[in-house]
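Here are a few exercises with worked solutions. Please load the model shown below and work through them at your own pace.

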Amino acid sequence: MKLLEGKTAVITGAARGIGAAIARKYASEGANIAVTDLVVNEAAEALIKELEGYGVKAKAYASDASNFQQTDEIVKEIMNDFGQIDVLVNNAGITKDTLLMRMTEEQWDAVITVNLKSVFNFTKAVQTVMLKQRSGSIVNMSSVVGVSGNAGQSNYSASKAGMIGFTKSVAKEIGSRGIRCNAIAPGYIETDMTAKLPEDVRKTWIQQIPLRRGGKPEDVANTAVFLASDLSSYVTGQVIHVCGGMNT
Ligand code: NAD
């Protein structure tokens, strides 16, 4: 029996990077997958084909996770297509890094809205489904910098710290209904998001990592499988760091 057999997972911002890696692992463990991202591009379509190769149902939806109304409509559409939602991974995220002295209101608002408001939007819409089912697992993609802070990332760190407060509060609110809510705090993971960092910044990051390497999206995806599955049935309100020991 596969770990996620018979479950349906919604993963936001999953056309590439960590979200796509989670979609692949979940599908390989038997879950049906609803992928959401800003647009359904060629990469998203290719991912859906790959997921179907695992013998599961998969579909991509164009949706701006930071838009409340759109999120509500997409979750209804996903319910029409799949009939259930057992796992929600709030993964969509962006960076607009700069020192506070140079940060514009637009850069602050964009990061807080995409990274944090999106989590409110999707969790609120999906919890209605999970409350009826009296079961579910919510996985929020935070970051080590939401715990440690990072110069040049005050907007991003604030959004990721906000996700941790949200995770712990929601875990307390709906734990009695059989719904768990946890966060993952990845460290330096090699994706398009980190590929835009200058080489010297990359080297400095790697030097701070006890395991002396950047993480792979699959490293995060393995933890996301644990949190979605019954292996973690007594784990809620927690933040699991997947960072090669960076934050210890
Ligand atoms: P990525 O940039 O490769 O992928 C992010 C995805 O989110 C993209 O497909 C993008 O189109 C989508 N997205 C952006 N805005 C969206 C919106 N408004 N609505 C829907 N989708 C949207 O990034 P990644 O490295 O795969 O990061 C995934 C998550 O992990 C993010 O929340 C990020 O903050 C977090 N994270 C990443 C790292 C890292 O080192 N890469 C570390 C810690 C946390």
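**Exercise 1. Find the volume of the largest pocket, then describe its lining.**

Step 1. The largest pocket has a volume of about 1200 Å³. On a 1 Å grid over the protein atoms alone, a pocket is an open set of points with protein on both sides within 12 Å along at least five of seven lines, and lining residues have an atom within 4 Å of a point. Grid points are joined across faces, edges and corners, and the volume is the space filled by probe spheres set on the points; the probe is 1.4 Å.

Step 2. The lining comprises 49 residues, and G93, I94, T95, Y156 and M193 are the closest to the pocket centre.

Step 3. Two or more lining residues come from each of α1 (17–28), α6 (154–174), α7 (192–195) and α8 (199–207). Helices (H or I, at least four residues) and strands (E, at least two) are DSSP runs, numbered from the N terminus.

Step 4. Sorted by class, the lining holds 22 nonpolar, 20 polar and seven charged residues. Here Ala, Val, Leu, Ile, Met, Phe, Trp, Tyr, Cys and Pro are nonpolar, Asp, Glu, Lys and Arg are charged, and the others, Gly among them, are polar.

A note on the input: this is a predicted model, where local features need pLDDT of at least 70 and side-chain atom pairs count only at pLDDT 80 or more, while totals for chains, interfaces and linings use all residues. Residues are numbered from 1 along each chain as its sequence is written, and side-chain values use heavy atoms, with hydrogens and water left out.

**Exercise 2. Locate the aromatic pairs and classify their geometry.**

Step 1. Searching the whole structure gives two aromatic pairs. Rings of Phe, Tyr and Trp (its six-membered ring) pair if their centres lie within 6.5 Å; planes under 30 degrees apart are stacked, over 60 edge-to-face, and the rest tilted.

Step 2. F68 and F120 have ring centres 5.9 Å apart and planes at 20°, so this pair is stacked. The pair joins distant parts of the chain, with F68 in helix α3 (residues 68–82) and F120 in helix α4 (residues 105–133), 52 residues apart.

Step 3. F68 is partly exposed at 36% relative accessibility, and F120 is partly exposed at 37%. (Buried means under 20% relative accessible area, exposed over 50%, partly exposed in between, with a 1.4 Å probe and protein chains only.)

Step 4. Y188 and W205 make a tilted pair, 6.3 Å centre to centre with 35° between the planes. Y188 sits in the loop between β6 (179–186) and α7, and W205 in helix α8, 17 residues apart. Both Y188 and W205 are buried.

**Exercise 3. How many salt bridges are there, and where do K59 and D72 find their partners?**

Step 1. The count comes to eight salt bridges, each a side-chain nitrogen of Lys or Arg within 4 Å of a carboxyl oxygen of Asp or Glu.

Step 2. K59 pairs with D81, their closest N and O atoms being 2.9 Å apart. This bridge links strand β3 (residues 58–62), which holds K59, to D81 in helix α3, 22 residues apart.

Step 3. D72 meets K76 at 2.9 Å, N to O. Both lie in helix α3, four residues apart, about one turn of the helix. D72 is partly exposed at 27%, whereas K76 is exposed at 53%.

Step 4. To finish, look at E190, E199 and R202, which are linked in a network of salt bridges.
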